[in-house]
Amino acid sequence: MAKFEGIFEIQGTVKGMTFYKSKDGLLIRAKGGVSKQRIKNDPAFQRTRENGAEFKHNSQMGQLLRQTVSPLLRLAKDYRVSSRLNKVMSEIKNLDSVSKRGERQVPIGIGTVEGKAILKGFDFNQNSAFRSVFRTPYSLDTVTGIFTVTDFQSEFHLGIPEGTTHASLSSAVVGIDFATRVYETQYSNKVNFAVNVPTQTITLTPDEMPTVTETQLFFLLIEFFQEINGVQYPLKNNLHNVLHILEVV
């Protein structure tokens, strides 16, 4: 797929070439290709069918994970989060060492130490990565789900965007069975504070731990606000918010 650069903004199909507008600018691609029927039945396209089946599976697993924290995802994501997460799911699927090609599964890959390590640290908003925003040690108890940060000074320990007056921290614990697609999400309290407050201790405690235990994921959400006349408004429509996977067990 090529990017079109020219003095005219063309959209549509011209001589077999399709011009269309995306968030990356004007793109161009060739029209046509092999028929779906041939891809479905021709032995020459066996590898294509295998790749297609696994691609579909990766997409479904990525969609499932996004669904588990959809209320948080609405507050912190970039427009490429789906494709980025699908790529991560593909890497996890590749760790399935028992299934045939075309049938490799994320539920098997995530059961490995390597699979969990791949998913740990994923940022749903690549424009505001956790490591560039949160700058102090924390503790996470994976038995209780309690997240704690002591001696927290937001002015020094947060990368605060210009215009911010307040911020908040909250967390979530997701128990998910990728094989059955059953999940349970438990949310913590939300701690909201002015960014110029003195040192404090922040503790986030989920209501309870999920009863689904096959795979558990621990999320942290950081939100930024601007207060005007006593009302806190999301800063730049949540552009700088962080949603991060702290741990996978």
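The following dialogue examines how several labels applied to this predicted model are justified.

Biologist: What makes the contact between Glu-54 and Lys-93 a salt bridge?

Modeller: The closest N and O atoms of Glu-54 and Lys-93 are 3.1 Å apart, and the criterion asks for a side-chain nitrogen of Lys or Arg within 4 Å of a carboxyl oxygen of Asp or Glu. The pair therefore qualifies as a salt bridge. A search of the whole structure finds six salt bridges.

Biologist: Why is this pair said to tie together parts that are apart in sequence?

Modeller: Glu-54 belongs to helix H2 (residues 46-68) and Lys-93 to helix H4, so the pair connects parts that are 39 residues apart in sequence.

Biologist: How do you know whether Glu-54 and Lys-93 are buried or exposed?

Modeller: Buried means under 20% relative accessible area. Glu-54 stands at 4% relative accessibility and therefore counts as buried; Lys-93, with a relative accessible area of 5%, is buried as well. Lys-93 also appears among the buried residues of H4, which include Arg-84, Leu-85 and Met-89.

Biologist: What makes the span of helix H4 close to the expected one?

Modeller: Helix H4 (residues 81-93) has 13 residues and reaches 18 Å from its first C-alpha to its last. The value expected at 1.5 Å a residue is 18 Å, and the span is close to it.

Biologist: What makes Lys-190 and Glu-223 a salt bridge, and which parts do they tie together?

Modeller: The N to O distance between the side chains of Lys-190 and Glu-223 is 2.6 Å, and the limit is 4 Å, so the pair satisfies the criterion. Lys-190 lies in the loop between strand E8 (182-187) and strand E9 (191-194), whereas Glu-223 lies in strand E11, so the pair ties together parts that are 33 residues apart in sequence.

Biologist: Why do Lys-190 and Glu-223 receive their accessibility labels?

Modeller: Buried means under 20% and exposed over 50%, with partly exposed in between. At 48% relative accessibility, Lys-190 counts as partly exposed, while Glu-223, at 4%, counts as buried.

Biologist: Why is the pair of Phe-130 and Phe-134 called by its particular name?

Modeller: The structure holds nine aromatic pairs. In the pair of Phe-130 and Phe-134, the ring centres are 5.3 Å apart and the planes stand at 15°. Ring centres must lie within 6.5 Å, and planes under 30 degrees apart count as stacked; the pair is therefore stacked. Phe-130 counts as buried because its relative accessibility is 6%, and Phe-134 counts as buried at 6%.

Biologist: What makes the pair of Phe-130 and Tyr-138 edge-to-face?

Modeller: The ring centres of Phe-130 and Tyr-138 are 6.1 Å apart and their planes are at 80°. Planes over 60 degrees apart count as edge-to-face, so this pair takes that label. Tyr-138, at 34% relative accessibility, counts as partly exposed.

Biologist: Which residues do ring pairs link into a cluster?

Modeller: The cluster consists of Phe-130, Phe-134, Tyr-138, Phe-147, Phe-152 and Phe-193.

Biologist: How do you know that strands E5 and E6 pair?

Modeller: Two strands pair if DSSP finds at least two bridges between them. E5 and strand E6 (residues 147-152) pair in the antiparallel sense over two bridges, so the requirement is met. Leu-140 stands opposite Phe-147 in E6.

Biologist: Why are E5 and E10 placed at the edges of the sheet?

Modeller: The open sheet has three strands in the order E5-E6-E10, with antiparallel pairing. Strand E5 (139-140) and strand E10 (200-204) each have a single partner strand, so one side of each is left without a neighbour in the sheet.

Biologist: What makes E11 and E12 a strand pair?

Modeller: E11 and strand E12 (residues 231-234) pair in the antiparallel sense over four bridges, and at least two are needed; the strands therefore pair. The bridge partner of Gln-226 in E12 is Tyr-233. Two residues lie between the strands of this hairpin, where Asn-229 takes a positive phi near 55°.

Biologist: Why is Ile-228 called partly exposed, and which patch does it help to make?

Modeller: Ile-228, found in strand E11 (residues 215-228), has 41% relative accessibility and so counts as partly exposed. Together with Val-231 and Tyr-233, Ile-228 makes a nonpolar surface patch of about 260 Å².

Methods:
Residues numbered from 1 in each chain as written. Predicted model: local features only at pLDDT ≥ 70, side-chain atom pairs only at ≥ 80, totals over all residues. Heavy atoms only, no water. Patch = residues over 30% accessible without salt bridge, like charges linked within 9 Å, V, L, I, M, F, W, Y side chains within 5 Å. Areas by Shrake-Rupley, 256 points an atom, 1.4 Å probe, with all protein chains shown as cover. Buried < 20%, exposed > 50% of the residue type's maximum accessible area, 1.4 Å probe, protein only. Expected span 1.5 Å × (residues − 1). Phe/Tyr/Trp six-rings, centres within 6.5 Å; stacked < 30°, edge-to-face > 60°.
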